[in-house]
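Q: I am new to this structure and would like a close look at a single part of it, the place where one pair of helices meets. Please describe that part with care, and then set it beside what surrounds it.

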Amino acid sequence: MIKKKILIVGSTSGLAKHILEKLKNNNFNISSISRKDFDFIKNFNKLEKIIVRTKPNIIINCVAATYEECKKYPKNAYEVNAFFPYKLAIVSEKINVILIHFSTEAVFDGNKKYLCEVEDIPQPNSMYGKSKLLGDYSLLRFNNSLIIRVSLLFGKFFKKNFVYNILTELKKNKRINIANDIYCTPTNADDVSNFLVKNIKGSKLKNLLSKKIIHLSSNNLQSRFKLIKDMATFINKSKYVKPISIKNLRIKIVTRANKGLKSNVKNFKISTIEDFIKSINI
């Protein structure tokens, strides 16, 4: 059997590392590239030549400018989050390659009291969300492109994100105040990776492509406080976690109250908090 060729772009991101781990365990022909190899945002022609030469069956784009990067460098936000995936889609269509691109819940304003569905009208209120939404819209005209929106991601390879940083502090017995009025649908990147690899291996990828946009989410809307409290319980540090309103945090945070997505796929399996805690070394 001929192995499927997979190219991961943005291979040093936390999500990419989760996907790479699953792909390696499932006998694919894998190539990966990151901006540590060269700046493919500024030198896209070089990346295009690599793609045309290797002609993978599937390109997975894990490149993104973060929320803080977008605030600081708005021009770069659109270059990375919107124009880059659009260029990838053009090349992918030209050589008949499937493009899988990751997007975010931040395309919604978070003012609704229910989980955001694919059919809901996006209204981003941050530079990050606006740039990611333009990326989403730019891919909709391509038949071989799939947009996967995810909610608050955590995982063993996310060493600098909200969840990992707080767990590290709790391990040192530091008291942590967590907002109990900011809601999310937290999702383990391992679950996203398992879902992706399963569908790449099987015959359901065409069905996903026909959806154009899919939401992958735990469908469990909960406060950040509850998320961290549950995790802290497994490392016997729950007494150090205290609830607080976002209005009373010392650091000013501009965010949305509800940051949840509703999955529009039926076979997205969710692991437990205990599974995650066992996978990390804190």
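**The contact of H1 with H7**

A: In this predicted model, the residues Leu15, His18, Ile19, Glu21, Lys22 and Leu23 in H1 meet Ala189, Asp190, Val192, Ser193, Asn194, Leu196 and Val197 in H7. Sorted by class, the residues of this contact of H1 with H7 comprise seven nonpolar, three polar and three charged.

The geometry of the pair can be given next. Two packed helices are described by the angle between their axes and the distance between the axes. Helix H1 covers residues 14-24 and helix H7 covers residues 189-201, and their axes come within 9 Å and cross at roughly 45°. That angle makes H1 oblique to H7, and the crossing in which H1 passes H7 is right-handed.

One residue of the contact, serine 193, deserves a look of its own. Serine 193 is found in helix H7, and because its relative accessible area is 0%, serine 193 is buried. Leaving aside residues up to four places away in sequence, serine 193 touches Leu15, His18, Ile19 and Lys22. A point of reference elsewhere in the chain is glutamate 117, which is 76 residues from serine 193 along the chain, with 21 Å separating the C-alpha atoms of the two.

The surroundings of the helix pair include a nonpolar core. The largest nonpolar core has 32 residues, and those with the most contacts inside it are Ile19, Ile60, Ile100, Phe102, Ile148 and Leu216. At least two residues of this core are supplied by each of strand S1 (5-9), H1, strand S3 (58-61), strand S4 (98-104), strand S5 (145-150), H7, helix H8 (205-211) and strand S10 (213-216). H7 gives the most to this core, with six residues. Within the same surroundings, isoleucine 148 touches Ile100, His101, Phe102, Ser103, Leu196, Ile214 and Leu216, not counting residues up to four places away in sequence. Another core, of 29 residues, lies apart from it, and among its members are Phe40, Ala65, Val97 and Ile147.

Beyond H7, the loop between H7 and H8 is the place of serine 203. Serine 203 counts as exposed, because its relative accessibility is 69%, whereas serine 193 in H7 is buried. Serine 203 and phenylalanine 28 are 175 residues apart along the chain, and their C-alpha atoms are separated by 15 Å.

Two further helix pairs can be set beside this one. Helix H6 (residues 162-171) and H9 pack at an angle of about 50°, with 11 Å between their axes, and that makes H6 oblique to H9. H6, too, passes its partner H9 in a right-handed crossing. The residues that make this contact are Phe162, Val163, Ile166, Leu167 and Leu170 of H6 and Arg224, Leu227, Ile228, Met231 and Ala232 of H9; by class they divide into nine nonpolar, no polar and one charged.

The other pair is helix H2 (residues 44-54) and H4, which pack at an angle of about 30° with their axes 11 Å apart. That makes H2 roughly parallel to H4, and H2 passes H4 in a right-handed crossing. On the side of H2 the contact is made by Phe44, Leu47, Glu48 and Ile51, and on the side of H4 by Phe84, Lys87, Leu88, Val91 and Lys94. The contact of H2 with H4 has six nonpolar, no polar and three charged residues.

A buried serine can also be found away from the H1 and H7 pair. Serine 131 has its place in helix H5 (residues 127-139), and with a relative accessible area of 0% it is buried. Its contacts, not counting residues up to four places away in sequence, are with Cys70, Ala77, Tyr78, Asn81 and Ala82.

Last come two loop residues that bear on the backbone. Most residues other than glycine have a negative phi. Asparagine 96, in the loop between helix H4 (74-94) and S4, has a positive phi near 60°, and at 66% relative accessibility asparagine 96 counts as exposed. Asparagine 236, in the loop between helix H9 (224-234) and strand S12 (241-244), has a positive phi of about 55° although it is not a glycine, and asparagine 236 counts as exposed at 66% relative accessibility.

Notes:
Residues are numbered from 1 along each chain as its sequence is written. This is a predicted model: local features need pLDDT of at least 70, side-chain atom pairs count only at pLDDT 80 or more; totals for chains, interfaces and linings use all residues. Side-chain values use heavy atoms; hydrogens and water are left out. Axes are lines fitted to C-alpha atoms, for helices over the stretch in contact, and angles run from 0 to 180 degrees between N-to-C directions. Helices (H or I, at least four residues) and strands (E, at least two) are DSSP runs, numbered from the N terminus. Angles under 35 degrees count as roughly parallel, over 145 as roughly antiparallel, 65 to 115 as roughly perpendicular and the rest as oblique. A crossing is left-handed if the near helix is turned anticlockwise from the far one by less than a right angle, and right-handed if clockwise. Contact means heavy atoms within 4.5 Å. Ala, Val, Leu, Ile, Met, Phe, Trp, Tyr, Cys and Pro count as nonpolar, Asp, Glu, Lys and Arg as charged, and the others, Gly among them, as polar. A nonpolar core is a set of buried Ala, Val, Leu, Ile, Met, Phe, Trp, Tyr and Cys residues joined through side-chain atoms within 4.5 Å. Buried means under 20% relative accessible area, exposed over 50%, partly exposed in between (1.4 Å probe, protein chains only).
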